[in-house]
Amino acid sequence: FFHKTLTAVKSWFTLFGWSKGQNPISVPHSLRRDVCIVQLTVAQEKSFKRKVDKDKGFYEMILHLNGQPIPGIAASHSLPSDPVERMFLLHWQYSELLSFLRGQGAYLSHIMPEFLLAPEDYEIWAEVNTGLRKGSMRSSGKLSGRSVFILEHRTFETMSKRAWTDVLLQIYKVFVLPRISSRGIPDPSSLESLENMPGIKSEPLCSNVYSRYERAVLIWLNKNYEKNRKIAWKDSQRGGIPPMRWIVNFDQDLLDGLVLAAQVAAYCPYLIPTHFIKMYTNPRTHEQFLHNSLIIVKALHAINLDIDIKV
């Protein structure tokens, strides 16, 4: 499950995270590297030849998605040559990043700034906090008198990957999902058939699972599916018109591909006779589910919406 989540996160941020086109990322390696590389001083790294695109740094991604930079953190500036001072500055930056995201509504109380460090910087952080290395304690995390947990290398890499994944997911939640608007007036013809279906409330406190923006998407899925199921499959030879359904989640209710097909059909009706009419509208077997998924992916490719979704 976590591997699939990570793959989806990497795909989305690779395609849509930056202002000037695609930027392939790896989690956590390229994110940790870019934060550090864009700030290396020339004196510190005279032999360093890589030309860094200033539009492809992690903080530029935050600026692109949020519309404003993180207060107090410059997109690029020099890091101290002293490794301990360098670690302290990066630790402070990550602390500010997490505080900023939490202030926007992100749930990141389980992420410590040191989990976002590169392994070599985390090793220095561990040495400083256990007294094995002496260094300036300004802005350090012994730094705040809290308990310190030292992780071995393999455990740290696992924790760092999970921490960066959660940071990206929360960035998506607080900067991208809120763009969803429910201003669209529902089609009266679809409202009549939805009268007998339980509604989904969009108030902030009516769900402990989905945010108001996610529930707005669920409402959109329900309305589009109910409106288009009788249009897309009115001539279906593989099960007829699919039955009414109440879509309340983003996993089980989308597995057979019919809900997704109904959404695409709402905007690209010309795909109905070429693709969607061939779907099983009451799939029972794994083969039929696979068949429907193949058609969905082919339809996305047909409209050049190639976002690397696997069947």
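## Salt bridges and helix packing

D121 is buried, at a relative accessible area of 1% (buried is under 20%, exposed over 50%, partly exposed in between, with a 1.4 Å probe and protein chains only). The model is predicted: local features need pLDDT of at least 70, side-chain atom pairs count only at pLDDT 80 or more, and totals for chains, interfaces and linings use all residues. Residues are numbered from 1 along each chain as its sequence is written, and side-chain values use heavy atoms, without hydrogens and water.

**Salt bridges**

D121 pairs with R86 in a salt bridge, 2.7 Å from N to O (a side-chain nitrogen of Lys or Arg within 4 Å of a carboxyl oxygen of Asp or Glu). The two residues come from distant parts of the chain: D121 sits in helix α5 (residues 119-129) and R86 in helix α4 (residues 83-103). Helices here are DSSP runs of H or I, at least four residues long, numbered from the N terminus. R86 is buried too, with a relative accessible area of 13%.

The model has 5 salt bridges in total. The table lists some of them.

| Salt bridge | N to O distance | Separation along the chain |
|---|---|---|
| D121 with R86 | 2.7 Å | 35 residues |
| R32 with E157 | 2.9 Å | 125 residues |
| R245 with D256 | 2.6 Å | 11 residues |

The pair R32 and E157 also links distant parts of the chain. R32 belongs to helix α2 (residues 29-37), E157 to helix α6. R32 counts as buried, at 4% relative accessibility.

The side chains of R245 and D256 join within a loop. Both residues lie in the loop between α8 (212-232) and α9 (258-267), so the salt bridge ties together parts that are 11 residues apart in sequence. D256 is buried, with a relative accessible area of 9%.

**Helix α1 against helix α6**

Where do helix α1 (residues 2-16) and helix α6 (residues 153-175) stand relative to each other? Their axes come within 10 Å and cross at roughly 55° (axes are lines fitted to C-alpha atoms over the stretch in contact, with angles from 0 to 180 degrees between N-to-C directions). That makes α1 oblique to α6 (neither under 35, over 145 nor 65 to 115 degrees).

On the α1 side, the contact uses F2, T5, L6, V9, W12 and F13. On the α6 side, it uses K161, R162, T165, L168, L169, I171 and Y172. Contact means heavy atoms within 4.5 Å. These residues divide into 9 nonpolar, 2 polar and 2 charged (Ala, Val, Leu, Ile, Met, Phe, Trp, Tyr, Cys and Pro are nonpolar; Asp, Glu, Lys and Arg charged; the others, Gly among them, polar).

Q170 is another residue found in helix α6. Q170 is buried, with a relative accessible area of 14%. Setting aside residues up to four places away in sequence, Q170 touches A106, Y107 and L108.

**Helix α3 and its end**

Helix α3 (residues 58-66) has 7 of its 9 residues buried, so it is largely enclosed by the rest of the structure. The buried residues are F58, Y59, E60, M61, I62, L65 and N66. Just after α3 comes G67, with a positive phi of about 90°.

**H29 in helix α2**

H29 is found in helix α2. H29 is partly exposed, with a relative accessible area of 40%. The C-alpha atoms of H29 and A118 are 8.0 Å apart, although these residues are separated by 89 residues along the chain.
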